[in-house]
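Q: Hi, I'm new to this one. Could you walk me through a few spots?
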Amino acid sequence: MIIHKLKSFIVSTFTFRINWNHFKSKLLLRYVLSYILIFLIPLTGVTLFVYDSAVSGLRTEIEQSNINQLNQMKMTIDSRIAELRELSGRIAYDRRLTPYMVRDSYYRVEAIQALANYKANSSIIEDIFLYYHNDPVIYSYRGLTNVNVTFDSFYQYENWRLEDVILTLNETNQMVIRPAEKVTINSSRQEAMLTVIVPIKPNAPYPYGCVVYMVKESNLTGVMDSILSDFTGSSYIFNQNGDVLTANNHGVSLSQEHLGTLAALDAGIHNLSLNNDKYSVVSVKSGENGWTYMTIMPSYQFFSRVAHVQTLILLVFGIAVITGVLAAFVLARRQYHPIKDLMEFAKLRVNDTPEPKTRNEWDWIRQTLHDYSARIDMQEPFVRNQCMLLLLKHGKPDDPEIERMITGVGLEPPQEQVMYFCVILSWEENDAAEDAQNDRQQVHEILSHVEPSGLHANIYGVEFSADNQFALIVSLPDPGQDSLKNRMEQIIQAVQGLISENTRLDPSMGVGTPYRDLGQLNQSFIEAATALEHRMVGSSRITYFAQLAEQNHPDAKGVWLPRKSLLKLEQSLKQGNESVAVQMIAEMMETIRSEPLQIHLLRCICFDLLNALLRSASEVGMNEAFSSISDYTSFETLEELEDKLLSLTTEICEKVERNHEQAAPKLIDDIVHYVNQQFADYTLSLEHVALKFSVSTSYLSRSFKEKTGISFSQYIWKRRTEEVIRLLVTTSAPLKEIIEQVGYLDAPNFIRKFKKETGLTPGQYRKQYRSNRLDI
């Protein structure tokens, strides 16, 4: 409010007192600001010092209060953990819980009751287990259970495999406390829990078993909340290795990197900057178990406790600023008069100077920065790649904005005759492996823009949609027809050298024909793709489109259409590039019209061109074209044939676009079909299917749910349940055999889930079905 009033006062003062033109007003404003800064800087420093002194005492008081509360929390939780260790000692010496007693069927009930009593004596224990080494069963207050069932079905850890659980139970010889993590209980709900494993006898060099405590994280965080009652930050407990045992967040959530920074702090009070935010951290360390207890609070929360001090200081500061502004304005006007006379004199001398296009210097600066920013944005790699990809796909459009982007990239140097051609690099299947990803990325970076030494050429890399391919646009001054081929070979050798020096890749290359017009670069791109597809023509891994002409039969020269033209036409159709395909058809039809041919030979040549289109239609899956083939073969004039070829070209390119659009849904359909066939395989999993179809698990999970409406695991359960129901009502096979047949190895778990969903066990479901059939 004070700052707003100050701005209003300054604006009103300048409105009534300043009547000079905008240049003088700007200069006067600089004087005013200079005087304001002279007193504002020390005033601000003094204000900050007073303010800091006012709040530092309260800050220390709050931090000391946090230390006291944190020490209380440390003693409370340390005592809880000591109780667990003491409880393990009592269990170890309890005659009712000796291996002989718990394994004896007569005394087992008494042992189980003893475990229940021990559980009841602790306020933080959610569950308690007694385990003897290499024993297939584990004992709890509910009875004995198989170890695998307990830690694979009843308690299923998110990040702790069953094998590791059993290994820890058998080999631990000292107390282990596993940090809190999500645990699935009874396959129905999840709970964040800590796992405490204490060997028995405690501190014995060769323990014969262990006691396992399951402790809800909320039990510990509840203790923390009860002690830190009015705390508004977050609290953490780190073990001696720096891992987070439990955390209680109240509006402050930190990354793993920041948690690692906190774990490395010594005990005491710290001020840290995390994610550009200031935090106050209080830390104490337990001498009993080496744990670190820590609270973290945003620093701005301290200022909410000193609002009255802040208001008073800002009020005094605002009054001082207003007074200083008035004094600065008076002093600035006195100092401005000599400059005013000098500026008026200078203005008389520059009347012939054209008026600036902008209203004042500030607008001019703003416009300059805007233009500069636009140039930077235009030269961003993504924008540059899109611009060049547009040239490769569609040629050079008649668009002033595109023209400006091309000039900014540097593809059309002024007053210089330049030739352009395209190169496509392709990696083999083994180069597409994961270990070559870094090499391919390095090729992209190296060839993003390079000028080979001594060749006076510019090479620009372009990423496009084809898998394992990378395009290059090469521009070079026109060397003349005689030396053009040698210059192209030198440039390709330079590219090969850069790749071999920096990576382990040896890509194949297709090289298009050079053109003087940048608008024909899409022609060179299609030619490079054609050369790459027919790479066996060359003796090396480099194929020039010009080499394809050598495949023409010598006797047919001047009679048949050039093979490289037909190949270029077919390649443009496969890529759906209608503009290049139409241009190639027009050129070949013009060639046919210019040749004085007999009517029979003329029709053969026309059929050769038509056959190229039909062959491309077949390759893209447009089989409907062959149902009306008689319409294409019946033509009386070359104009009629050309119209039919152009119509067929449009249909083929549209089919290619539809194929691209339908590829992704078809993949999901194939995956669903595969799952429907393999759902009874007990090894079937999301990762297995993702690996088979070469997609990521996240993409598969998301796409599968969009397709079926349910998650992958729910779909598997649904299909298996349906198959179990079908076998129950159509066969008399034993229940266990049916469950194993649909891919479940844990029959009790399946029966429990089946009953939860249908309300009946599988046996009851079969009986009810047969009873209903008899009633009918």
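Q: Which residues in α24 meet F750, K753, F754 and E757 in α26?
A: Happy to help! One note before we start: this is a predicted model. On the α24 side, the residues are W717, T721, V724, I725 and L728.

Q: What classes of residue make up that contact of α24 with α26?
A: The contact has six nonpolar residues, one polar and two charged.

Q: And at what angle do those two helices cross?
A: Helix α24 (residues 712-730) and helix α26 (residues 747-758) cross at roughly 90°, and their axes come within 12 Å. Angles of 65 to 115 degrees count as roughly perpendicular, so α24 and α26 are roughly perpendicular to each other.

Q: Now for another pair: how far apart are the axes of α16 and α18?
A: Their axes are 10 Å apart, and the packing angle is about 90°. That makes α16 roughly perpendicular to α18. Helix α16 covers residues 521-533, while helix α18 covers residues 578-594.

Q: Which residues meet there?
A: From α16 you have N522, Q523 and I526, and from α18 you have S579, V580, Q583 and M584. By class, that contact has three nonpolar residues, four polar and no charged ones.

Q: Switching to the surface, which residues make the nonpolar patch?
A: V46, F49 and V50 make a nonpolar surface patch of about 310 Å².

Q: Where does V46 lie?
A: V46 is part of helix α2, which runs over residues 22-92.

Q: What about the backbone: is the peptide bond from I200 to K201 cis or trans?
A: The bond is cis, with omega near 0°. K201 sits in the loop between β6 (189-200) and β7 (209-216).

Q: And what is the phi of N134?
A: N134 has a positive phi of about 60°, although N134 is not a glycine. You can find N134 in the loop between β1 (125-132) and β2 (137-140).

How values were computed: Residues are numbered from 1 along each chain as its sequence is written. This is a predicted model: local features need pLDDT of at least 70, side-chain atom pairs count only at pLDDT 80 or more; totals for chains, interfaces and linings use all residues. Side-chain values use heavy atoms; hydrogens and water are left out. Patches are made of residues with over 30% relative accessible area and no salt bridge: like charges are joined within 9 Å, nonpolar side chains (Val, Leu, Ile, Met, Phe, Trp, Tyr) within 5 Å. Accessible areas come from the Shrake-Rupley method with a 1.4 Å probe; for residues, only the protein chains shown count as cover. A salt bridge is a side-chain nitrogen of Lys or Arg within 4 Å of a carboxyl oxygen of Asp or Glu. Helices (H or I, at least four residues) and strands (E, at least two) are DSSP runs, numbered from the N terminus. Axes are lines fitted to C-alpha atoms, for helices over the stretch in contact, and angles run from 0 to 180 degrees between N-to-C directions. Angles under 35 degrees count as roughly parallel, over 145 as roughly antiparallel, 65 to 115 as roughly perpendicular and the rest as oblique. Contact means heavy atoms within 4.5 Å. Ala, Val, Leu, Ile, Met, Phe, Trp, Tyr, Cys and Pro count as nonpolar, Asp, Glu, Lys and Arg as charged, and the others, Gly among them, as polar.
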